[in-house]
Amino acid sequence: SQDFVVPERLQGAGFHLRMLRIHDVVKDYDAVMSSEAHLVGFMEPGSTWPRGLTVEENLIDLAWHHREFTIRHSFAYTVMNDDESRCLGCCYIYPSDRSGHDAMVFYWAREPELDQAIGEVLRNSISSDWPFKKVAFPGRDIAWSDW
């Protein structure tokens with residue numbers, strides 16, 4: 001709904017989530033490319049993203065995410081350490097294209113040990129702060145073969 005106030009910041013232990021912006025391109029690109037091995041196929045089976053991704057292509061992606069957030073179509077959050085010197089991962093909340101779910105959510109962490117903590121912060125916010133009735137976490141709570 002248009003009166004829903006989108007959370008600007010979600011706080012975790014030693015990290016926070018906030019809107020992904022074009023100004024994050026250098027730190028985001030570093031996080032994406034250092035995580036390439038576990039990101040291939042992460043949001044869509046068979047996808048080769050981010051293999052071969054250039055800084056320029058990443059900037060285009062970030063601009064798209066930034067705009068989508070501002071028009072309230074989808075919401076990409078960067079995960080930053082407390083002083084914002086390092087990007088630790090990313091979270092994406094998209095409208096679902098499947099009946100029975102009104103949103104689908106993806107998240108990844110640069111360091112595997114952060115994955116659970118980021119997931120907890122994001123899942124807690126979605127269940128308490130967002131107006132969704134049923135949220136899917138494809139590739140996590142729902143096997144890709146069932147999605």
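**View 1. Met104 and Ala136 meet where S5 joins S6.** In this predicted model, Met104 has Ala136 of S6 as its bridge partner. Strands S5 and S6 run parallel and are joined by 2 bridges. Step back a little and you will find an open sheet of 6 strands, ordered S1-S2-S3-S4-S5-S6 with mixed pairing. Its edge strands, S1 (9-11) and S6 (135-136), each pair on one side only.

**View 2. Two helices pack on the sheet.** Helix H1 (residues 25-34) touches S3, S4 and S5, and its direction makes about 90° with that of S4. Helix H4 touches S1, S2, S3, S4, S5 and S6, with its direction at about 155° to that of S5.

**View 3. The S1-S2 hairpin and its turn.** Here S1 and S2 pair in the antiparallel sense over 3 bridges, and Arg9 stands opposite Arg18 in S2. The hairpin leaves 3 residues between the two strands, and Gly14 in the turn has a positive phi of about 85°.

**View 4. Strand S2 beside S3.** On to the next pairing: S2 and S3 are antiparallel over 5 bridges, with Leu17 opposite Val79 in S3. Is S2 buried or exposed? Because 5 of the 5 residues of S2 are buried, this strand is largely enclosed by the rest of the structure.

**View 5. The largest nonpolar core, with Leu122 in focus.** This core has 23 residues, of which Leu17, Tyr77 and Leu122 touch the most other members. At least two core residues come from each of S2 (15-19), S3 (75-81), S4 (87-95), S5 (103-109) and H4 (112-129). H4 gives the largest share, 5 residues. Which residues does Leu122 touch, not counting those up to four places away in sequence? They are Leu10, Leu17, Cys91, Ile93, Val105 and Tyr107. A second, separate core of 20 residues has Val32, Met80, Cys87 and Met104 among its members. As a general backdrop, nonpolar side chains tend to be buried together in soluble globular proteins.

**View 6. H1 crosses H3.** A packed pair of helices is described by the angle between their axes and the distance between the axes. For H1 and H3 (residues 55-70), the angle is about 110° and the axes lie 10 Å apart. Angles of 65 to 115 degrees count as roughly perpendicular, and H1 and H3 are therefore roughly perpendicular to each other. Their crossing is right-handed. To find the contact, look for Val25, Asp28 and Tyr29 of H1 together with Val55, Asn58, Leu59 and Leu62 of H3.

Key:
Residues are numbered from 1 along each chain as its sequence is written. This is a predicted model: local features need pLDDT of at least 70, side-chain atom pairs count only at pLDDT 80 or more; totals for chains, interfaces and linings use all residues. Side-chain values use heavy atoms; hydrogens and water are left out. A nonpolar core is a set of buried Ala, Val, Leu, Ile, Met, Phe, Trp, Tyr and Cys residues joined through side-chain atoms within 4.5 Å. Buried means under 20% relative accessible area, exposed over 50%, partly exposed in between (1.4 Å probe, protein chains only). Helices (H or I, at least four residues) and strands (E, at least two) are DSSP runs, numbered from the N terminus. Contact means heavy atoms within 4.5 Å. Two strands pair if DSSP finds at least two bridges between them. Axes are lines fitted to C-alpha atoms, for helices over the stretch in contact, and angles run from 0 to 180 degrees between N-to-C directions. Angles under 35 degrees count as roughly parallel, over 145 as roughly antiparallel, 65 to 115 as roughly perpendicular and the rest as oblique. A crossing is left-handed if the near helix is turned anticlockwise from the far one by less than a right angle, and right-handed if clockwise.
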